[in-house]
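Subject: Structure for your review

Dear colleague,

I am passing on the structure we spoke about, and below it I have set out what was found in it. Please read the notes with the structure open beside them.

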Amino acid sequence: MTTYLICYLGLGIITVLTLPRLAKARGAEHDKGLIPYSIEPSWWEKTLVPIVCYSFALLLWPVLIVWRIKETFFPHETIAVPQGETFSVKREHLLRQMSIAEVECAAIVSDPLYAVPNLPFGHLNAAWLRFKKNLGSEDTLWAFAACHTDEWGSKEYKEGYAIVTTDGIGPHFLTCRFEND
Amino acid sequence: MTAQIGEKLIYQGREVAMCTEPLGDYFALGGESPDFAMNYTALWRGYVGTWEIMENRLYLIGLSGRLNDGTQATLATLFPDYPERLFAHWYSGTLRIPEGKRLEYCHAGYSSIYERDRLLKIEHGVFTHTSVRENGKASYADAPEGYGVGAMTVFPVNAEGKRR
């Protein structure tokens with residue numbers, strides 16, 4: 001019985017010393033410079049956490065091996081980042097009808113250091129061009145402004161332009177959003 | 001969620017950590033976002049941007065990140081015509097710069113509390129005014145100074161820099 005226990009713990013020590021180090025080294029070596037400052041753990045993170053983790057790993061090392069096999073042969077898929085509630089423009093948000101020429105004239109951005117293209121909506125010009133393609137011959141273009149509460153409970157002010165069709169309000173183009181103080 | 005690594009801001013000649021992500025607004029407003037790799041739980045957005053306030057305007061002057069295909073992402077990756085500097089005209093809001101000692105560590109987002117927050121108000125990329133919010137005084141002398149992240153998980157990547 002004692003021999004089995006020593007063998008089990010011995011294999012545990014070998015596992016604990018090899019597997020996590022391999023993973024950590026591979027993860028860290030490719031992104032030097034991306035992390036802007038060193039991670040500074042507190043005293044209990046430096047001492048207590050490693051002791052607890054290594055103790056568990058020593059006793060439950062087969063789990064560590066299964067986890068490593070899973071990581072190797074069944075890697076993570078892209079992790080979904082939570083998205084806010086989809087915002088839609090309503091009738092009460094509409095401010096005034098505008099022509100494309102009016103909008104584009106008002107949306108030229110200038111910069112003394114020439115760090116923006118001389119096009120409507122500057123760096124967002126490509127997004128504007130994509131939006132403009134949705135505008136049909138019967139549709140009208142409206143400026144809008146709205147206060148919106150997202151799924152996290154944050155209140156956001158949004159403004160932009162929306163396409164109004166005969167069936168209702170179509171796609172919109174956001175030009176500004178910020179959290180209400 | 002893990003505490004997030006801040007953006008860098010060059011403000012009044014020194015580099016500070018900023019707990020605001022103006023580039024996130026660019027993507028939310030329809031700007032094209034490359035496929036950033038998320039290799040650290042402390043960096044879900046996959047990049048760190050370097051910003052500067054010059055002549056009362058907010059500029060993005062650098063970007064460091066990695067894409068899911070393993071290539072390094074720079075400012076030129078997102079804005080090939082503006083590889084050195086671009087005016088953040090799309091951004092309106094408040095840039096938060098934590099200052100002083102840490103009062104309370106929260107391992108989520110930018111929720112940790114510091115002695116002061118310097119708040120820079122920006123409207124359509126133009127700096128309008130600054131204010132300081134006092135959050136309290138650290139009760140012990142060796143409290144950590146300056147913004148930082150306590151811990152994070154590093155996802156293993158292969159030789160090409162792709163996450164495994």
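In chain A, A145(A) stands opposite E159(A), the latter lying in strand 3; please bear in mind here and throughout that this is a predicted model. The two strands concerned, strand 2 and strand 3 of chain A, pair in the antiparallel sense over 10 bridges. Their hairpin has 5 residues between the strands, and within this hairpin G153(A) takes a positive phi near 90°.

On its other side, strand 2 of chain A (residues 140-149) is joined by 4 bridges to strand 1 of chain A (residues 94-98), and these two run antiparallel. Two pairs of facing residues can be picked out here: Q97(A) stands opposite W142(A) of strand 2, and L94(A) stands opposite F144(A), likewise in strand 2 of chain A.

Taken together, 4 strands of chain A form an open sheet in the order 1-2-3-4, with antiparallel pairing. Its edges are strand 1 and strand 4 (168-179) of chain A, each of which pairs on one side only. If direction is ignored, neighbouring strands of this sheet are turned against each other by 25° on average. Helix 5 of chain A (residues 125-132) packs on the sheet, where it touches strand 2, strand 3 and strand 4 of chain A, and the direction of this helix makes about 160° with that of strand 4 of chain A.

One residue of the sheet that I would look at separately is E156(A), which lies in strand 3 of chain A. Is E156(A) buried or exposed? Its relative accessibility is 9%, and because the cut-off for a buried residue is under 20%, E156(A) counts as buried. The side chain of E156(A) makes a polar contact with the side chain of R177(A) at 2.7 Å, and another with the side chain of K158(A) at 3.0 Å. Leaving aside residues up to four places away in sequence, E156(A) touches A146(A), C147(A) and H148(A), as well as R177(A), F178(A), E179(A) and N180(A).

K158(A) appears a second time, since the charged end of K158(A) sits over the ring of F87(A), 5.2 Å from the ring centre. A comparable arrangement is found in chain B, where R85(B) lies over the face of Y59(B) at 5.0 Å from the ring centre.

As for pairs of aromatic rings, the count over all chains comes to 17. In one of them, the rings of F27(B) and F36(B) have their centres 6.4 Å apart and their planes at 55°, so this pair is classed as tilted. Both F27(B) and F36(B) are buried, and they belong to one aromatic cluster that is formed by Y26(B), F27(B), F36(B), Y47(B), F79(B) and W90(B).

Finally, a few overall values for chain A. This chain has 5 helices and 4 strands, which follow the pattern α-α-α-β-α-α-β-β-β when read along the sequence. Of the 181 residues in chain A, buried residues make up 31%. Among the contacts in chain A between residues at least 6 apart in sequence, 55% join residues that are at least 24 apart.

With best wishes

Definitions and conventions: Residues are numbered from 1 along each chain as its sequence is written. Chains are lettered from A and ligands numbered from 1 in the order in which they are written. This is a predicted model: local features need pLDDT of at least 70, side-chain atom pairs count only at pLDDT 80 or more; totals for chains, interfaces and linings use all residues. Side-chain values use heavy atoms; hydrogens and water are left out. Rings of Phe, Tyr and Trp (its six-membered ring) pair if their centres lie within 6.5 Å; planes under 30 degrees apart count as stacked, over 60 as edge-to-face and the rest as tilted. Buried means under 20% relative accessible area, exposed over 50%, partly exposed in between (1.4 Å probe, protein chains only). A charge sits over a ring if NZ of Lys or CZ of Arg is within 6 Å of the ring centre and within 35 degrees of the ring normal. Two strands pair if DSSP finds at least two bridges between them. A polar contact is a pair of N or O atoms within 3.5 Å; within protein, one must be able to donate a hydrogen and the other to accept it, and residues adjacent in sequence count only if both atoms are side-chain atoms. Contact means heavy atoms within 4.5 Å. Axes are lines fitted to C-alpha atoms, for helices over the stretch in contact, and angles run from 0 to 180 degrees between N-to-C directions.
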